[in-house]
Amino acid sequence: MARLLLRELDFRWASVPVPERRAHLTALLQDLGHLPEEEGMEAALKMAERFLGTPFARILAASPSSALHRALPFGLELSSPGARGRVAVEGELDLLWETPEGEAWGVAYRPGKRHPLGPVAFAHELVVQGLAAKRLVKEGVPVRVGVAFLGEPSPEPEFLTLPGGLTEAAEPLEQAVRALAQSGMQDEWPSREAATCQALHCGFAEHCHPSPRAC
Ligand code: SF4
């Protein structure tokens, strides 16, 4: 619901006093079919408020609405020339901002606390979003992608650093998607190496790499 609020919200509310902002967010929540008393709704309102309180949101508030794009669905073909079979991924960009400096910044909203690895923990997803954004903007426009952890006191977006850029990240991504699609067709998931899973602090580690039974 926090993501939905932020997708609907006019960012100019970031520069409005907090009580009025809360009243507007509450009205928006009701337009979306929920009451603030419902379970989880206060948390969603607070997440949206915290995002609006960031310096980043205040910059967005000063941007023309034509430079802000929200909830952009995409389908991204990943197949490289000569590859056997086509692979593609679908998704949605929470926010794409065309900056006054001529760049395009994509931000994904995450409702929880910051992952210990920050945006690196979402690297595949962000690369997908970055490649999708590249196809939406004019050729040559630099694209950055990052995450806003809405559970943090100040969910300022953190951006992914890719030494080789998005284009270089496309091939390993295609291979990973192919492996995933293949395992889905064979109804098995061999899982990633345990060290990678640990480094990602993945919550499914015990499922994919169960500890040896005591007896
Ligand atoms: S623990 Fe399982 S779900 Fe998590 S990263 Fe590893 S293989 Fe993927």
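Buried area, as I use it here, is the accessible area, taken with a 1.4 Å probe, that two parts lose on being put together, summed over both. Keep that in mind for the domains.

This is a predicted model, where local features need pLDDT of at least 70, side-chain atom pairs count only at pLDDT 80 or more, and totals for chains, interfaces and linings use all residues. Numbering runs from 1 along each chain as its sequence is written, and side-chain values use heavy atoms, with hydrogens and water left out.

Domains first. An automatic or database domain assignment splits the chain into domain 1 (1-62) and domain 2 (64-215). Their C-alpha centres lie 25 Å apart. How much area do domain 1 and domain 2 bury between them? About 1,700 Å², with 65% of it on carbon and sulfur atoms.

Now the contacts, meaning heavy atoms within 4.5 Å. Here, 17 residues of domain 1 touch 21 residues of domain 2. Three salt bridges cross this interface; the rule asks for a side-chain nitrogen of Lys or Arg within 4 Å of a carboxyl oxygen of Asp or Glu. Glu92 and Arg7 form a salt bridge through their side chains, at 2.6 Å, N to O.
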